[in-house]
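Please open the model in your viewer and keep the sequence panel beside it. The stops below are meant to be followed in order, with a selection to make at each one.

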Amino acid sequence: MPHPILERLKSGEILLSDGAMGTEIQKYGLATGGCPDEFNLTQPDAVKSIHQKYFEAGSDIVETNTFGANRMRLENDGLQDKVLEINISAVELAKSVCPDGKYVAGSIGPTGALIQPYGTDSKEDIHEIFSEQIEALVKAGADILFIETMMDITEAELAVQAARAITDIPISATMTFEVSDKGVKTSWGVDPETAVRRLTAAGADIVGANCGNGFEQMLVIMEAMRPLFDGYLLAQANAGTPIMESGETVFKETPEDVKPKAQKLLDAGVNILGGCCGTGPEHIRVLRQLVDAANRPK
Amino acid sequence: MDVVNQIKQAVINGKVDANSQYPPGSEGKPGVRELVQEAIESGQDVDNILNNGLIEAMKIVGDKFDNHEYFVPEMLLSAEAMKAGMKLLEPYLSSAQQEQKGVVIIGTVKGDIHDIGKNLVSIMLEGAGFKVIDLGTDNSAEQFVERAREHPSAIVGLSALLTTTMQYMRDVIQTLRENGMENKVLVGGAPVHQAFAEEIQADGYSKNATAAVSKVSELLGVRA
């Protein structure tokens, strides 16, 4: 049965996802070095409130607060026994405030593993770690999966393969690229062509990029990716590069700064647009205007 | 090519030993393990093997990384290869000499589990003759203080990869000073920069492993 999200994308509609979760959670008092995913259990109202604000600002899709909620990452905080609990409650919190016709995306971030031969973790182990998280997200009712901020193509591939084996819901897989005079590559040396080829082969319905150094660099990345395939492209950019100011991390690009840059992303052929670190509901409000204008029949 | 140059090339290529499948197609060809062994057995000067074979290679690898020719996977394999070579040289390198040259306590700060950069700095410092006490990742200020107490003249090196966790470096320095520790502190990591280092009253900042070795030498007043 065709999935509503894919049907809407197929009809030419551009969808708007949400802004950052991490930087929003910090506003609710996440301690330095604290675990954001735990907030689903310890501060569910804060998480709900963040989702609500994004829906109100105009997001079609919000991402669950599960970026680091895989067994390997949770182990660092002694929370490995709460993988299921965290992922399930995260989906439930988002769904509880999700209006009709809008969607909840299960966020899946990197494990931090070094897969053989670069380290000691086996592909099988990593596949299993992703499967555990994905099963929980899907069972709890996620509408789509956002595999994101990937740098290692093997790890990204394993996440997509794990997801495809578990579910038919749409899968988006995005990587984090750096732009230099040597071109567009992730910190693992993966270029857009490799990302598009291997992730679509693994079963992703949507591919693209997220995080990085702001909307301007995202445009360079999208312009490199768009010609590579006919499928759906997702871009979630940061509100600029993180800058230190008086002991705090700030992202300087305001909604007004971001507006013309986001327009260029839409012109470049992005199908799902959103924000990453440093973006908030106000950025989404501005992006909503742009997306609505872009979706208006010509 | 003489054996020391072969060692250098093998480190640059990330070729650990003959069994290593990396680089592709190199199976059966000698890696750093075999070449260092050969160099030792043929009476090569250990300092020559270390400096012109291993360290020189890592400097080149570091440059390639800075130039976006090498990425994290290549760095990891070259570091593996260098470590393998260092292990064979260990019995010939004097521990007493290392303590004399200087001690560096290094660790990634609390909340941060990234360690690739820190590991590279550790390897380069060992290669340069320093004794390195690597505390691993996710270290509290107290953990740094405990070690600093045992080594009052050691440099304390702090690493972080996230803009959030790097803030904790401030806490570490504060706690060290509150406890009367006078160890000089060196900071590094992708989001770190000179202005931040000054703001948190660190004694130095280095942007890569090679620079870290120079800075440590400078702070300890020894030749690099």
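In which loop of chain B is B:P23 found? Select B:P23 and follow the backbone to either side: this proline is found in the loop between α1 (3-13) and α2 (32-41) of chain B. Bear in mind throughout that the model is predicted. Now add B:Y22 to the selection, since a cis peptide bond joins B:Y22 and B:P23, with omega about -5 degrees. Most residues other than glycine have a negative phi, and most peptide bonds are trans.

Next, display chain B as a whole. Its secondary structure comes to ten helices and five strands, and along its principal axes the C-alpha trace spans about 55 × 35 × 25 Å. The radius of gyration of chain B is 18 Å, which agrees with the value near 17 Å that a compact globule of 224 residues would have.

Bring chain A back into view and turn to the contact, which takes 23 residues from chain B and 22 residues from chain A. Between them the two chains bury about 1,800 Å², with 67% of that area on carbon and sulfur atoms. The count of salt bridges between chain B and chain A is zero, while three residue pairs are in polar contact, both residues being at pLDDT 80 or more. On the chain B side, select α4 (72-89), α8 (168-178) and α9 (194-199), each of which supplies at least two residues that touch chain A; the largest share, four residues, comes from α4(B). The residues on this side of chain B divide into ten nonpolar, eight polar and five charged.

Now hide chain B and look at the sheet of chain A, an open one in which eight strands lie in the order β1-β12-β9-β8-β5-β4-β3-β2 with parallel pairing. At its edges are β1 (15-16) and β2 (61-63) of chain A, each pairing on one side only. Within the sheet, select β9 (residues 232-237) and β12 (residues 272-275) of chain A, which run parallel and are joined by four bridges; A:A237 stands opposite A:G275 in β12(A).

Two backbone details in chain A complete the tour. Select A:T149 in strand β4 (residues 144-150) of chain A; this residue has a positive phi of about 55 degrees although it is not a glycine. Then move to A:P117, in the loop between β3 (103-108) and α7 (123-139) of chain A, where the peptide bond from A:Q116 to A:P117 is cis, with omega near 5 degrees.

Terms used: Residues are numbered from 1 along each chain as its sequence is written. Chains are lettered from A and ligands numbered from 1 in the order in which they are written. This is a predicted model: local features need pLDDT of at least 70, side-chain atom pairs count only at pLDDT 80 or more; totals for chains, interfaces and linings use all residues. Side-chain values use heavy atoms; hydrogens and water are left out. Two strands pair if DSSP finds at least two bridges between them. Contact means heavy atoms within 4.5 Å. Buried area is the accessible area (1.4 Å probe) that two parts lose on being put together, summed over both. A salt bridge is a side-chain nitrogen of Lys or Arg within 4 Å of a carboxyl oxygen of Asp or Glu. A polar contact is a pair of N or O atoms within 3.5 Å; within protein, one must be able to donate a hydrogen and the other to accept it, and residues adjacent in sequence count only if both atoms are side-chain atoms. Ala, Val, Leu, Ile, Met, Phe, Trp, Tyr, Cys and Pro count as nonpolar, Asp, Glu, Lys and Arg as charged, and the others, Gly among them, as polar. The radius of gyration is taken over C-alpha atoms; the globule rule is 2.2 Å times the number of residues to the power 0.38.
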